[in-house]
Amino acid sequence: MAVNVPGVIVMVVFYLLVLGTGIWASFKSKRKQKRNWNQTTYGSPSPYKRGEGSLTAPIALQHLTPTFISIIGIGCIAAAVMSSADSVLLSASSVFTNNIYKNILRPKASNQDCQWVVRASVVVVGVVGTSLTMVKKSVLIFWFLCTEVSYIIVFPELFCVLFFNISNGYGALMGILVGLLFILLIGNPILGLAPVLHFPGCTLEDGVYVQYAPVKTISMLSTIAAILLFSYLASVLFNKGVLPEKWDVFKVKAQHSPVPLSPVGGAIEEEENEEMNRNVSQPMKNTTY
(Lines give C-alpha, C1' and ligand atoms only; values in the text may rest on other atoms or scores of the structure.)
Protein backbone atom coordinates (compact mmCIF):
# COMPACT_ATOMS: atom_id res chain seq x y z
CA MET A 1 0.00 0.00 0.00
CA ALA A 2 1.46 3.33 -1.09
CA VAL A 3 1.76 6.04 1.55
CA ASN A 4 1.56 9.73 0.72
CA VAL A 5 4.62 10.81 2.71
CA PRO A 6 4.35 14.57 2.01
CA GLY A 7 0.68 14.51 3.01
CA VAL A 8 1.46 12.69 6.26
CA ILE A 9 4.23 15.18 7.07
CA VAL A 10 1.96 18.16 6.41
CA MET A 11 -0.78 16.64 8.59
CA VAL A 12 1.63 15.95 11.47
CA VAL A 13 3.07 19.47 11.28
CA PHE A 14 -0.44 20.95 11.23
CA TYR A 15 -1.54 19.03 14.32
CA LEU A 16 1.67 19.90 16.15
CA LEU A 17 1.05 23.54 15.27
CA VAL A 18 -2.48 23.37 16.62
CA LEU A 19 -1.29 21.60 19.78
CA GLY A 20 1.45 24.17 20.36
CA THR A 21 -0.94 27.06 19.80
CA GLY A 22 -3.41 25.57 22.25
CA ILE A 23 -0.75 25.11 24.94
CA TRP A 24 0.52 28.65 24.43
CA ALA A 25 -2.99 30.08 24.57
CA SER A 26 -3.83 28.18 27.75
CA PHE A 27 -0.74 29.50 29.56
CA LYS A 28 -1.37 33.01 28.33
CA SER A 29 -5.02 32.94 29.37
CA LYS A 30 -4.08 31.76 32.88
CA ARG A 31 -1.64 34.64 33.32
CA LYS A 32 -3.87 37.35 31.89
CA GLN A 33 -7.38 36.05 32.41
CA LYS A 34 -8.82 38.99 34.33
CA ARG A 35 -7.05 41.67 32.33
CA ASN A 36 -8.04 40.15 28.99
CA TRP A 37 -11.77 40.15 29.73
CA ASN A 38 -11.62 43.67 31.15
CA GLN A 39 -9.77 44.98 28.11
CA THR A 40 -12.30 43.63 25.59
CA THR A 41 -15.73 44.82 24.52
CA TYR A 42 -17.21 41.91 26.44
CA GLY A 43 -16.06 43.27 29.77
CA SER A 44 -16.38 41.60 33.13
CA PRO A 45 -17.50 39.41 34.80
CA SER A 46 -16.34 36.35 32.88
CA PRO A 47 -18.69 34.19 30.77
CA TYR A 48 -18.68 31.53 33.48
CA LYS A 49 -19.99 33.95 36.09
CA ARG A 50 -22.65 35.17 33.67
CA GLY A 51 -23.88 31.64 33.06
CA GLU A 52 -22.52 31.60 29.51
CA GLY A 53 -19.83 28.99 30.02
CA SER A 54 -21.06 26.91 27.06
CA LEU A 55 -20.51 29.95 24.78
CA THR A 56 -16.90 30.56 25.78
CA ALA A 57 -15.45 29.58 22.39
CA PRO A 58 -17.58 31.92 20.22
CA ILE A 59 -17.27 34.72 22.80
CA ALA A 60 -13.48 34.38 22.83
CA LEU A 61 -13.35 34.37 19.05
CA GLN A 62 -15.54 37.45 18.87
CA HIS A 63 -13.88 39.57 21.55
CA LEU A 64 -10.30 38.30 21.81
CA THR A 65 -9.30 37.90 18.15
CA PRO A 66 -9.33 40.07 15.04
CA THR A 67 -12.41 40.03 12.83
CA PHE A 68 -10.99 37.80 10.09
CA ILE A 69 -9.73 35.28 12.65
CA SER A 70 -13.17 35.27 14.28
CA ILE A 71 -14.87 34.58 10.94
CA ILE A 72 -12.47 31.74 10.10
CA GLY A 73 -12.81 30.22 13.58
CA ILE A 74 -16.62 30.30 13.58
CA GLY A 75 -16.58 28.82 10.06
CA CYS A 76 -14.32 25.96 11.21
CA ILE A 77 -16.57 25.21 14.19
CA ALA A 78 -19.68 25.29 11.97
CA ALA A 79 -18.02 22.98 9.41
CA ALA A 80 -17.05 20.49 12.10
CA VAL A 81 -20.55 20.51 13.59
CA MET A 82 -22.22 20.09 10.19
CA SER A 83 -19.85 17.25 9.27
CA SER A 84 -20.67 15.38 12.47
CA ALA A 85 -24.39 16.09 12.08
CA ASP A 86 -24.68 14.77 8.52
CA SER A 87 -22.64 11.69 9.47
CA VAL A 88 -25.06 10.94 12.29
CA LEU A 89 -28.08 11.49 10.01
CA LEU A 90 -26.74 9.23 7.26
CA SER A 91 -25.59 6.48 9.65
CA ALA A 92 -28.91 6.41 11.53
CA SER A 93 -30.96 6.31 8.32
CA SER A 94 -28.72 3.61 6.82
CA VAL A 95 -28.96 1.43 9.93
CA PHE A 96 -32.75 1.71 9.97
CA THR A 97 -33.09 1.05 6.24
CA ASN A 98 -30.72 -1.94 6.01
CA ASN A 99 -31.22 -3.63 9.37
CA ILE A 100 -34.91 -3.00 10.04
CA TYR A 101 -36.76 -2.04 6.88
CA LYS A 102 -34.96 -4.27 4.38
CA ASN A 103 -34.26 -7.28 6.62
CA ILE A 104 -37.42 -7.34 8.75
CA LEU A 105 -40.25 -5.18 7.42
CA ARG A 106 -39.87 -5.63 3.65
CA PRO A 107 -37.18 -8.16 2.63
CA LYS A 108 -38.17 -7.82 -1.05
CA ALA A 109 -37.97 -4.03 -1.14
CA SER A 110 -36.38 -2.56 -4.25
CA ASN A 111 -33.45 -0.14 -4.28
CA GLN A 112 -35.77 2.74 -5.12
CA ASP A 113 -37.94 1.97 -2.08
CA CYS A 114 -34.86 1.89 0.12
CA GLN A 115 -33.76 5.27 -1.24
CA TRP A 116 -37.10 6.81 -0.28
CA VAL A 117 -36.89 5.23 3.17
CA VAL A 118 -33.41 6.69 3.63
CA ARG A 119 -34.67 10.15 2.70
CA ALA A 120 -37.64 9.90 5.06
CA SER A 121 -35.39 8.61 7.85
CA VAL A 122 -33.03 11.56 7.42
CA VAL A 123 -35.95 13.97 7.80
CA VAL A 124 -37.33 12.17 10.88
CA VAL A 125 -33.93 11.92 12.60
CA GLY A 126 -33.21 15.56 11.78
CA VAL A 127 -36.49 16.73 13.29
CA VAL A 128 -35.98 14.62 16.42
CA GLY A 129 -32.40 15.83 16.82
CA THR A 130 -33.44 19.46 16.38
CA SER A 131 -36.17 19.06 18.99
CA LEU A 132 -33.63 17.66 21.47
CA THR A 133 -31.60 20.88 21.24
CA MET A 134 -34.55 22.80 22.68
CA VAL A 135 -34.44 21.10 26.07
CA LYS A 136 -33.52 23.22 29.06
CA LYS A 137 -30.47 21.18 29.94
CA SER A 138 -27.41 20.68 27.78
CA VAL A 139 -27.39 18.26 24.87
CA LEU A 140 -24.34 16.66 26.53
CA ILE A 141 -26.82 14.88 28.81
CA PHE A 142 -27.76 12.61 25.91
CA TRP A 143 -24.07 12.00 25.17
CA PHE A 144 -23.43 10.84 28.74
CA LEU A 145 -26.57 8.71 28.65
CA CYS A 146 -25.45 7.06 25.40
CA THR A 147 -22.01 6.26 26.83
CA GLU A 148 -23.65 4.67 29.87
CA VAL A 149 -25.95 2.55 27.69
CA SER A 150 -23.01 1.55 25.48
CA TYR A 151 -20.92 0.45 28.46
CA ILE A 152 -23.66 -1.45 30.31
CA ILE A 153 -25.58 -2.97 27.36
CA VAL A 154 -23.77 -2.74 24.02
CA PHE A 155 -20.28 -3.70 25.21
CA PRO A 156 -21.41 -6.95 26.95
CA GLU A 157 -23.34 -7.97 23.82
CA LEU A 158 -20.29 -7.47 21.61
CA PHE A 159 -17.95 -9.14 24.10
CA CYS A 160 -20.09 -12.27 24.40
CA VAL A 161 -20.62 -12.59 20.64
CA LEU A 162 -16.90 -12.38 19.95
CA PHE A 163 -15.54 -14.64 22.71
CA PHE A 164 -18.30 -17.10 23.68
CA ASN A 165 -19.80 -19.52 21.14
CA ILE A 166 -22.69 -20.32 23.46
CA SER A 167 -24.15 -16.82 23.00
CA ASN A 168 -27.47 -16.66 21.18
CA GLY A 169 -30.45 -14.41 20.63
CA TYR A 170 -32.22 -15.36 23.87
CA GLY A 171 -29.22 -14.42 25.97
CA ALA A 172 -28.79 -11.17 24.04
CA LEU A 173 -32.42 -10.24 24.65
CA MET A 174 -32.21 -10.99 28.36
CA GLY A 175 -28.94 -9.08 28.55
CA ILE A 176 -30.66 -5.97 27.18
CA LEU A 177 -33.46 -6.29 29.73
CA VAL A 178 -31.05 -6.85 32.63
CA GLY A 179 -28.88 -3.91 31.54
CA LEU A 180 -31.87 -1.56 31.31
CA LEU A 181 -33.07 -2.76 34.70
CA PHE A 182 -29.71 -1.99 36.29
CA ILE A 183 -29.57 1.46 34.65
CA LEU A 184 -32.92 2.31 36.23
CA LEU A 185 -32.23 0.73 39.65
CA ILE A 186 -28.71 2.00 40.37
CA GLY A 187 -29.93 5.58 40.05
CA ASN A 188 -29.18 8.13 37.39
CA PRO A 189 -28.64 11.79 38.30
CA ILE A 190 -28.94 12.72 34.61
CA LEU A 191 -32.49 11.36 34.47
CA GLY A 192 -33.29 12.41 38.04
CA LEU A 193 -33.65 8.79 39.23
CA ALA A 194 -32.83 8.00 42.86
CA PRO A 195 -30.93 4.74 43.47
CA VAL A 196 -33.10 1.78 44.43
CA LEU A 197 -30.23 -0.72 44.72
CA HIS A 198 -27.90 0.48 47.46
CA PHE A 199 -24.48 -1.06 46.91
CA PRO A 200 -21.81 -1.02 49.65
CA GLY A 201 -20.60 2.54 50.10
CA CYS A 202 -23.91 4.19 49.23
CA THR A 203 -24.35 7.13 51.60
CA LEU A 204 -26.96 9.82 52.14
CA GLU A 205 -25.55 13.31 51.52
CA ASP A 206 -27.78 16.37 51.75
CA GLY A 207 -30.87 14.22 51.35
CA VAL A 208 -29.52 12.49 48.21
CA TYR A 209 -28.10 8.96 48.02
CA VAL A 210 -24.66 8.84 46.42
CA GLN A 211 -23.19 5.57 45.08
CA TYR A 212 -19.45 5.26 45.73
CA ALA A 213 -19.19 1.66 44.53
CA PRO A 214 -18.34 1.00 40.84
CA VAL A 215 -22.02 0.49 40.04
CA LYS A 216 -21.61 0.79 36.26
CA THR A 217 -18.92 -1.88 36.17
CA ILE A 218 -21.05 -4.11 38.39
CA SER A 219 -23.99 -3.59 36.03
CA MET A 220 -21.82 -4.42 33.01
CA LEU A 221 -20.56 -7.64 34.58
CA SER A 222 -24.11 -8.59 35.58
CA THR A 223 -25.23 -8.09 31.97
CA ILE A 224 -22.45 -10.39 30.73
CA ALA A 225 -23.43 -13.03 33.29
CA ALA A 226 -27.10 -12.77 32.26
CA ILE A 227 -26.26 -13.17 28.57
CA LEU A 228 -24.16 -16.28 29.15
CA LEU A 229 -26.59 -17.83 31.65
CA PHE A 230 -29.74 -17.43 29.57
CA SER A 231 -27.91 -18.41 26.38
CA TYR A 232 -26.82 -21.66 28.03
CA LEU A 233 -30.29 -22.33 29.43
CA ALA A 234 -31.98 -21.73 26.08
CA SER A 235 -29.47 -23.95 24.29
CA VAL A 236 -29.98 -26.80 26.79
CA LEU A 237 -33.78 -26.54 26.80
CA PHE A 238 -34.13 -26.62 23.01
CA ASN A 239 -31.39 -29.15 22.27
CA LYS A 240 -32.63 -31.58 24.96
CA GLY A 241 -36.19 -31.36 23.65
CA VAL A 242 -37.59 -29.84 26.85
CA LEU A 243 -39.12 -27.03 24.80
CA PRO A 244 -40.70 -27.73 21.39
CA GLU A 245 -38.72 -26.72 18.33
CA LYS A 246 -41.58 -24.56 17.03
CA TRP A 247 -40.95 -22.18 19.93
CA ASP A 248 -37.32 -21.73 18.86
CA VAL A 249 -37.62 -18.26 17.35
CA PHE A 250 -33.85 -17.62 17.14
CA LYS A 251 -33.10 -21.11 15.72
CA VAL A 252 -30.74 -22.15 18.51
CA LYS A 253 -31.16 -25.86 17.73
CA ALA A 254 -30.32 -25.31 14.06
CA GLN A 255 -27.12 -23.47 14.99
CA HIS A 256 -25.77 -26.38 17.03
CA SER A 257 -26.92 -29.20 14.76
CA PRO A 258 -24.15 -31.09 12.90
CA VAL A 259 -23.64 -30.15 9.26
CA PRO A 260 -22.90 -32.99 6.79
CA LEU A 261 -19.44 -32.79 5.36
CA SER A 262 -18.98 -32.35 1.63
CA PRO A 263 -15.78 -32.96 -0.32
CA VAL A 264 -13.98 -29.76 -1.21
CA GLY A 265 -10.68 -28.82 -2.75
CA GLY A 266 -8.24 -31.72 -2.80
CA ALA A 267 -10.93 -34.31 -2.00
CA ILE A 268 -12.81 -33.47 -5.22
CA GLU A 269 -9.61 -33.74 -7.27
CA GLU A 270 -8.82 -37.09 -5.64
CA GLU A 271 -12.25 -38.45 -6.57
CA GLU A 272 -11.82 -37.28 -10.16
CA ASN A 273 -8.42 -38.99 -10.39
CA GLU A 274 -9.86 -42.25 -9.04
CA GLU A 275 -12.65 -42.11 -11.59
CA MET A 276 -10.15 -41.62 -14.44
CA ASN A 277 -8.04 -44.51 -13.20
CA ARG A 278 -11.05 -46.81 -13.15
CA ASN A 279 -11.92 -45.85 -16.71
CA VAL A 280 -8.38 -46.50 -17.90
CA SER A 281 -8.10 -49.85 -16.12
CA GLN A 282 -11.24 -51.21 -17.79
CA PRO A 283 -10.49 -53.39 -20.89
CA MET A 284 -11.00 -51.47 -24.09
CA LYS A 285 -13.32 -52.95 -26.66
CA ASN A 286 -11.83 -54.15 -29.93
CA THR A 287 -12.97 -51.72 -32.57
CA THR A 288 -11.08 -53.24 -35.53
CA TYR A 289 -13.13 -54.75 -38.32
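Helices in this tour are DSSP runs of H or I with at least four residues, numbered from the N terminus. The model on display is predicted.

**Whole chain.** Begin with the entire chain, coloured by secondary structure. It contains 10 helices and 2 strands, arranged along the sequence as α-α-α-α-α-α-α-β-β-α-α-α. Of the 289 residues, 19% are buried. With the surface switched on, about 21700 Å² is exposed, and carbon and sulfur atoms supply 69% of that area. For contacts between residues at least 6 apart in sequence, 49% join residues at least 24 apart.

**Ser121.** Next, select residues 111–132, which form helix H5, and locate Ser121 within this helix. Ser121 has a relative accessibility of 9%, and therefore counts as buried, the cut-off being under 20%. Now display its surroundings, leaving out neighbours within four places in sequence: Ser121 is in contact with Ser93, Phe96 and Thr97.

**Helix H4 against H5.** Add residues 67–105, helix H4, to the selection. The axes of H4 and H5 come within 8 Å and cross at roughly 130°, which means that H4 is oblique to H5. The crossing of these two helices is right-handed.

**The contact residues.** Finally, show side chains on both helices. On H4, select Leu89, Ala92, Ser93, Phe96, Thr97, Tyr101 and Lys102. They meet Asp113, Cys114, Val117, Val118, Ser121, Val122, Val125 and Gly126 of H5. Coloured by class, the contact of H4 with H5 shows 9 nonpolar, 4 polar and 2 charged residues. Ser121 thus appears again here, among the H5 residues that meet H4.

Note on methods: Residues numbered from 1 in each chain as written. Predicted model: local features only at pLDDT ≥ 70, side-chain atom pairs only at ≥ 80, totals over all residues. Heavy atoms only, no water. Buried < 20%, exposed > 50% of the residue type's maximum accessible area, 1.4 Å probe, protein only. Contact = heavy atoms within 4.5 Å. Areas by Shrake-Rupley, 256 points an atom, 1.4 Å probe, with all protein chains shown as cover. Axes fitted to C-alpha atoms, helices over the stretch in contact; angles between N-to-C directions. Parallel < 35°, antiparallel > 145°, perpendicular 65-115°, else oblique. Left-handed = near helix turned anticlockwise from the far one by under 90°. Nonpolar A, V, L, I, M, F, W, Y, C, P; charged D, E, K, R; others polar.
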